[in-house]
Amino acid sequence: MQQKFSTVIVPKTGWFDLNLKEVLKYRDLIFLFVKRNFVSKYKQTILGPAWAIIQPFLTTVMFTLIFGNIAGLAPGGVPSFVFYLSGNVMWGYFSGSLSSTANTFVANSHTMGKVYFPRLVMPISSVLSQLINFGIQYLFLAVFLIYYTVTGQGVAPNWWILMTPVLLLQMAMLSLGFGVIISALTTKYRDLAMLVGFGVQLWMYATPVAYDMFSMGAFAPGGKWHALYMCNPVTPAVNLFRYAYLGIGSMEWEYYFLSWGVTLVVLFLGIVLFNRVEKTFMDTV
């Protein structure tokens, strides 16, 4: 009697051999990895998930003191604290997703070498697990937004907050794209893993997280370096997030659509490289 199999594993031959239907079939495994990532991150810590609030809070206090009060880079019209907190919340989701996906192959090689499942499940679960941290920080931000709005301190949320899911989707896709590119390269060149943290820090200072770009002449609209500065795909997303929740600044939609174009290109290149390296990574990891 001929035996029937529900799953047949065959080698991938194409550059873009992506089976999203198969990935969707493993959605239970994705959520299992999401739970594992979140639990393992705060396991054996005293404060647990409270660190998701403590870290951006301390960073925001530091930015408020150093960049806002000492360097004078805070914007006018809104409290410096909520300005920096909003930037840290959005940037924290992107940088956390990028850092976690950048180590996908190396960190999970022991699991990938024992059992079959679509390898794209790992980076997707890393990006989704960061949504939990974002949700905690978002509620923390909401408390201050409500306080400053009620007390009339210049904070004016508007209907653009409905764009929040779109912004999160873009940051997830962008971090996934860059993360899998780095992860694919680190299987052979481990030096890149050492540079990820440093590179993310530099990227943060190339993004208006610690300062208000509209108060800096060279980076502000009409400035000498404005067009080049806006090519950073995270910058329009951070600006839109602040514009929606604080009501400050302005949105240059042409650069926002450009950032979406960069996001899609990076994601496409990341998946192509991921599929290419996936075939042989167990031999080099």
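How many nonpolar, polar and charged residues make up the lining of the second largest pocket? Before getting to that, a quick look at the whole fold helps. The model is a predicted one, and its secondary structure is easy to sum up: 13 helices and 0 strands. Read from the N terminus, the elements simply go α-α-α-α-α-α-α-α-α-α-α-α-α.

The protein has 285 residues, and 46% of them count as buried. Contacts reach well along the chain: taking those between residues at least 6 apart in sequence, 78% link residues at least 24 apart. As for the outside, the accessible surface amounts to about 14,800 Å², with carbon and sulfur atoms accounting for 68% of that area.

Now to the pocket itself. The second largest pocket encloses a volume of about 480 Å³, and 26 residues line it. Nearest its centre sit Q55, N88, W91, G92 and S95. Several helices pitch in, with at least two lining residues each from α2 (27-42), α3 (51-70), α4 (80-101), α7 (121-150) and α9 (191-205). Of the elements involved, α4 gives the largest share of the lining, at 8 residues.

That brings back the opening question. Sorted by class, the lining of the second largest pocket holds 13 nonpolar residues, 12 polar ones and 1 charged one.

Definitions and conventions
Residues are numbered from 1 along each chain as its sequence is written. This is a predicted model: local features need pLDDT of at least 70, side-chain atom pairs count only at pLDDT 80 or more; totals for chains, interfaces and linings use all residues. Side-chain values use heavy atoms; hydrogens and water are left out. Helices (H or I, at least four residues) and strands (E, at least two) are DSSP runs, numbered from the N terminus. Buried means under 20% relative accessible area, exposed over 50%, partly exposed in between (1.4 Å probe, protein chains only). Contact means heavy atoms within 4.5 Å. Accessible areas come from the Shrake-Rupley method with a 1.4 Å probe; for residues, only the protein chains shown count as cover. On a 1 Å grid over the protein atoms alone, a cavity is a set of points where a 1.4 Å probe fits but cannot get out, and a pocket is an open set with protein on both sides within 12 Å along at least five of seven lines; lining residues have an atom within 4 Å of a point. Grid points are joined across faces, edges and corners, and a volume is the space filled by probe spheres set on the points. Ala, Val, Leu, Ile, Met, Phe, Trp, Tyr, Cys and Pro count as nonpolar, Asp, Glu, Lys and Arg as charged, and the others, Gly among them, as polar.
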